[in-house]
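Notebook open, coffee ready. Today I'm looking up how strands and helices fit together, and I'll jot things down as I go.

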Amino acid sequence: MKDKSFLIVFLFLGSIIVLFLMVPIMNLFYSVGVNNIFETLQDKETYESIFLTLKSSFFAVLFVCFTGIPLAYLIARYNFWGKSILESLLDIPVMVPHTAAGIALLISFNHGYIGDFLSFIGLEFIDTTIGIISAMMFLSAPFLINGAKEGFKKVDIKYEHVAQTLGASKLSVFLSISLPNAKNDILNGALMMWSRGLGEFGAVVIIAYHPMVAPVLIYDKFNNFGLKFSAPVAASMILVSICLFLSIRYINNKV
Amino acid sequence: MLKIKNLFLKKDNFILGKISFEIEKNSYCVILGKTGSGKTMLLESIAGIQNPEGNLYFDGKDISNISPNKRDFGFVYQDFALFPNMSVEKNIKFSARYKKIEDEKNLFLDLIEFLQIKDILKRDIKYLSGGEKQRVAIARAIYSRPKLLLLDEPLSAVDPTFRNSIMKSLKEIVQRYNTTIIHVTHNFREASYLADKIAVMLDGQILQIGDAKDVLNSPSSIEVAKFLGFKNIFSTKILGFEQKNKFFSIDPNKIDFLKEKCLDDYCFECKIEKIMGITDHYKIFATVKDTQSFFAKIPKQIFMELKLNEGDKSYIFINKKDVVFI
């Protein structure tokens, strides 16, 4: 009996937050309507914007996979001077206001020596896809780095030691033992980073209003045409994201 | 074959060393020590996983700075450390990805037959029992054709009913696969059954190393004697020797009690302090000269004949041949 009341209380409390999270989304879908969502998805401006958002966030994740995962491994496996400071610095992007991050990126990559150098090698940040990717990456990279770090920490270091005694070099050990065994945490981190990137508005709008990513397009439609025109784009973006997320999780569970 | 010279390693508050010893080719060496005495750290240092000071020579070649993947030493951890992302077969054949394995096919067939793992090759490692994991881990290490096989408490996670058969297999590995084994354990039974050579390790130091029988029967210090379970350790002064810092031990089963003093061998007057009856024998605690407390085990029948009571005066009799000098 006591167990039952415990469960009822917890279920009640849990359902409050589930409702809070689900009601706005369900309401959005309901008010827009399925037909309207599919019509919006066929609109060139909308699907190009959604595709740009998905693509930019994906490239941001890809870049951090090649740079942040090795960093996460170093942090998880080695003790070095300034490690705690580095870990704190990596969390800063999560804490700062996103518009402030956009300003910081603008100052860093569009002015001064760094800006000149990047411009010299052909990397322009203002109103370009590169700018969008960098804004997304700046604010969401910690999700992947921290996820990978926790994943590597969970991999028993003895697996790596044994693999070395069996003839594997450090790089081979990383590729054949550490990475596959930390796969789930890395994938979760990558999904978190990607999803965070999809929703990025503050920093992106400062770096690149055009080409319009979905959050900017929703804001633009809302500002210029009102709720009636922005809601279908918002619902379309959410629907596409949900479908992609469910597919990736399903594939990951199957593999 | 393996020569360790002044090996020293400091990790946090633990110090290993300075350790020096040698192990002959195709021998079975057991490092016997309590938990936390640095046995695993020593094995990892030999494997190259840790970076100690000092020198390691293998077949006359200095291997101190050679990385673990180039040493050709196999390692089996206490919890076996099987790779969770691979099946049993892939675990065993892992080393073939990185080096040429001589007579690979026959070795694999022989290993799965010898270690009885033929039926579990396709199984996911999370569905293996402790004994199966252990055999797979040993197979994986041997498959890499190691010149030296390092076993870290390999029997501790195995069901006691299978230990005897596994110990038999371990003993056979040296000749069958032409390798040398260093096995660390805290278990005397394992050590006495398996070892050609035993090293006793306490607090990061090797206190005694030598032929297995010599170490188990003749400890070189009180610490080793206590660790090996020797009882009744006293100064040799009781026996009439003049040397300081010399000790002896007597097995509780080798102590007799007499009603009257005897002049042969060693005989001391004692007072019976405590008697504890156990199913088939009695434990007797007796003090000599009010200070030295002897512990003896007397079979029930003999105890009945002696008719000893707590507080009685009696005589402890020790045969000279049973005394172990430390």
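I started with the sheet in chain B, keeping in mind that this is a predicted model. The sheet is open and has six strands, in the order β6-β7-β8-β3-β9-β10, with mixed pairing. Next I looked for its edges: they are β6 (73-76) and β10 (205-211) of chain B, each of which pairs on one side only. I also checked the twist, and neighbouring strands of this sheet are turned by 15° against each other on average, ignoring direction.

Then I zoomed in on one pair of strands. In chain B, β7 (residues 148-152) and β8 (residues 180-185) run parallel and are joined by five bridges. I looked up B:D152 and found that its bridge partner in β8(B) is B:V184.

Which strands does helix α6 of chain B touch? I found that α6 (residues 160-176) packs on the sheet and touches β3, β7 and β8 of chain B, with its direction at about 155° to that of β8(B). Helix α1 (residues 39-47) of chain B lies across β3, β6, β7, β8, β9 and β10 of that chain, and runs at about 155° to β7(B).

Over to chain A for a helix pair. The axes of α4 (residues 83-95) and α7 (residues 129-154) of chain A come within 7 Å and cross at roughly 135°, so α4(A) counts as oblique to α7(A). Their crossing is left-handed. I listed who meets whom: A:L90 and A:V94 are among the α4(A) residues, and the α7(A) side includes A:F138 and A:I145. By type, the residues of this contact divide into seven nonpolar, one polar and three charged.

Notes. Residues are numbered from 1 along each chain as its sequence is written. Chains are lettered from A and ligands numbered from 1 in the order in which they are written. This is a predicted model: local features need pLDDT of at least 70, side-chain atom pairs count only at pLDDT 80 or more; totals for chains, interfaces and linings use all residues. Side-chain values use heavy atoms; hydrogens and water are left out. Two strands pair if DSSP finds at least two bridges between them. Helices (H or I, at least four residues) and strands (E, at least two) are DSSP runs, numbered from the N terminus. Axes are lines fitted to C-alpha atoms, for helices over the stretch in contact, and angles run from 0 to 180 degrees between N-to-C directions. Contact means heavy atoms within 4.5 Å. Angles under 35 degrees count as roughly parallel, over 145 as roughly antiparallel, 65 to 115 as roughly perpendicular and the rest as oblique. A crossing is left-handed if the near helix is turned anticlockwise from the far one by less than a right angle, and right-handed if clockwise. Ala, Val, Leu, Ile, Met, Phe, Trp, Tyr, Cys and Pro count as nonpolar, Asp, Glu, Lys and Arg as charged, and the others, Gly among them, as polar.
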